[in-house]
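Dear colleague,

Please find below the structure for your review. My notes on it come after the coordinates.

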Amino acid sequence: MEIMSDLQFTGRPLSLSRDNLGGHLGKGGSLPGSPLPAALGSSMPVTHGSSPAPAHRLNAADLKKRFRLDEFIAEKLITLVAFVSLAAIISIFVFVFREAAPFFQTKEAVAVQEEVEEETYGDDMVSAHAREGASRDRSRELDANASEGESTLGNLFSLSWAPVSLEPKYGIVPLVVGSMKVTILAILLAAPIAVLAALFTSSFAPKWSREILKPAIEILAGFPSVVIGFFALVVLATVLQDLLGYQYRLNAFLGGAAMSLAVIPIIFTVAEDALTAVPKYMTEASLALGATRWQTALFVRLPAATPGVFAAVLLGFGRAFGETMIVLMATGNAALLSLDFFEPVRTMSATIGAEMAEVVFGDTHYNVLFLLGAILFLFTFTLNAVAEIFIRQRLLKRFRGL
Amino acid sequence: MQNITRLFSLVLIFGVISVVAEVKITVKGSDTMVILAQRWAERYMAAKPDVTIQVTGGGSGTGISALINGTTDICNASRPMKPSERDKLKQRFGTRGVEIKTAQDGLSIYVHESNSVQELTIEQIRNIYAGRITSWKEVGGSNEKIILYGRENNSGTYVYFRDNVLLGEDYSATMQSLPGTAAVVNAVTKDKNGIGYGGAAYGKGIRELKVKADANATAYAPTVENIKNGDYPITRFLYLYVRNKPTGALKEYIDWILSDDGQSIVSQVGYFPIR
């Protein structure tokens with residue numbers, strides 16, 4: 001904080017390389033306009049970037065100029081980029097909520113169209129047989145009475161999701177339950193595997209195997225989810241059905257199992273980092289007191305890293321909750337409200353993925369899909385925020401007794 | 001100097017003319033019709049090199065939304081446009097759209113090839129999809145649970161089936177939604193208790209059921225003859241929708257689709273001409 005205010009005070013843009021930072025700190029704050037080399041020279045050898053320090057005394061004006069131009073521009077550019085991406089995220093946030101909001105507003109009734117003969121073209125070419133077939137099509141008369149669906153809270157919390165219906169039902173309960181089912185299953189399957197794998201890699205694995213394992217699992221995090229979904233749909237579905245003998249080929253369990261493949265690398269990576277970050281003196285102290293490697297790993301390392309591991313699981317939870325492609329392909333997408341894990345489900349993200357392309361902009365259906373998006377957004381946002389702020393910072397201190 | 005100016009303006013004029021002469025037509029909508037539309041486009045573009053036709057699928061609902069949102073010239077639809085959709089089109093473009101019937105199609109009911117059930121009445125199919133009949137035993141099969149497969153709700157087939165077989169009722173919540181006829185066929189192939197619906201499909205592992213209008217009627221298989229005669233009870237039209245009465249290049253293209261040449265492609269693809 002002190003450094004920051006100092007920088008702002010002098011009004012001179014400084015690069016935060018370790019050298020001149022050290023110089024500044026050593027001096028305890030320099031006066032505005034004080035010659036730079038003096039500040040730098042007090043501690044470490046003056047090196048800047050890749051250019052070696054010249055042997056003779058530096059020309060103060062020279063150095064100052066270089067610092068000002070390229071670094072000033074670079075710094076401002078980076079700041080700008082950072083702010084633009086931040087602004088983009090915020091505007092997505094605003095957009096999602098703005099599109100969802102009309103659901104809660106009463107819509108003005110669209111003026112009822114007086115009966116007009118629907119215009120056709122080329123009907124005179126249609127054969128008599130075909131025309132008879134057309135007269136049997138009941139879509140027209142049924143659609144004449146179709147409504148856009150009530151945008152009421154009662155409809156929103158009803159138990160059935162049938163948005164394309166003569167009386168559209170926008171009950172999001174089955175979708176929320178569906179998302180929870182798949183996500184919880186995925187975490188139940190992924191978390192133990194990932195955490196144990198992280199414990200193994202950080203505490204037991206010999207160096208060579210750690211060097212293979214860690215990058216290999218981390219690469220898995222970038223695995224396209226559509227490929228995992230396809231694998232689940234074609235291979236895993238048949239294997240699991242033969243193995244467990246359940247009724248529905250595509251179901252929540254299959255979705256959860258496939259999703260765990262996507263979540264394991266995320267939990268593993270963060271948990272492994274947390275376990276490796278446990279101070280060495282703790283492990284050494286434990287070993288010195290006669291504890292075995294196993295005892296040290298399980299009763300010293302793991303507890304010390306608990307907040308980080310917990311954060312890892314939460315991050316995995318957020319990823320699983322928002323994941324679309326895998327569930328779209330592997331869960332059967334039936335908006336069924338049940339607690340049976342072996343029945344098909346329709347999740348919120350899959351619903352958005354499947355239906356967004358079809359809705360008319362501004363429709364009630366459109367607003368409901370955005371509402372689902374907003375719920376997903378809020379949920380994952382909260383989870384990530386909790387994982388980041390609360391656990392990583394506050395609990396980390398408490399558990400380590402710092 | 002004058003020569004150069006003259007040359008330049010000549011080039012400019014030719015450039016403008018060639019851009020204007022290049023006609024681009026976008027077609028979007030029904031997945032059922034996407035192959036048909038592509039064949040039409042290929043044949044037509046081969047005959048008229050100055051016309052470019054872009055065809056994409058996505059579902060009838062998607063196509064109609066695109067027509068309303070102004071992102072396509074022609075919309076393919078396997079169901080008629082709803083009055084509410086026509087009203088939305090009217091709000092944007094001041095027109096309620098023009099409907100063109102282009103082909104006929106029969107909807108088949110698929111089961112796994114090992115299924116002992118041979119035929120169903122429309123009413124039985126309705127009860128199965130509405131969730132009132134849940135075991136194959138109730139329709140003369142083995143004592144197994146019926147697993148329902150259907151299409152996603154942006155599909156015209158979904159809406160047509162709901163209106164004409166379920167008579168407007170909602171599908172049972174246990175129906176699994178799949179993207180496209182191929183996915184439905186594939187799912188039924190792998191599920192011996194499955195049932196699905198969609199356009200004519202010839203796949204290993206599935207069988208198309210005979211359907212009868214009511215308990216006393218004769219059951220018909222979805223064959224070319226039966227659909228053309230109007231004997232098979234679940235047939236529908238495949239439509240094109242445009243915003244205004246077609247003119248110019250668009251009219252030429254649509255007239256060609258309705259001509260003998262265009263209609264012969266309908267039979268080649270596996271649907272049935274309208275005349």
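The following paragraphs cover the numbering, chain A, one helix pair and the nonpolar core.

This is a predicted model, in which local features need pLDDT of at least 70 and side-chain atom pairs count only at pLDDT 80 or more, while totals for chains, interfaces and linings use all residues. Residues are numbered from 1 along each chain as its sequence is written, and chains are lettered from A and ligands numbered from 1 in the order in which they are written.

Chain A has 16 helices and 3 strands (DSSP runs, H or I of at least four residues for helices and E of at least two for strands, numbered from the N terminus). Of its 402 residues, 34% are buried (20 or more other C-beta atoms within 10 Å of the residue's own, with C-beta atoms placed from the backbone).

The axes of helix α12 (residues 280-288) and helix α13 (residues 293-322) of chain A come within 10 Å and cross at roughly 155° (lines fitted to C-alpha atoms over the stretch in contact, with angles from 0 to 180 degrees between N-to-C directions). α12(A) and α13(A) are therefore roughly antiparallel (angles over 145 degrees). The residues in contact (C-beta atoms within 7 Å) include A:M282 and A:L287 of α12(A) and A:V300 and A:A304 of α13(A).

The largest nonpolar core (buried Ala, Val, Leu, Ile, Met, Phe, Trp, Tyr and Cys residues joined through C-beta atoms within 7 Å) has 148 residues, and A:A194, A:V263, A:I267, A:A271 and A:A330 touch the most other members. Helix α11 (residues 252-276) of chain A supplies the largest share of this core, 17 residues. Leaving aside neighbours within four places in sequence, the contacts of A:A271 include A:A194, A:G308 and A:A312.

Yours sincerely

Technical notes: Buried ≥ 20, exposed ≤ 12 C-beta atoms within 10 Å, placed from the backbone. Contact = placed C-beta atoms within 7 Å. Parallel < 35°, antiparallel > 145°, perpendicular 65-115°, else oblique.
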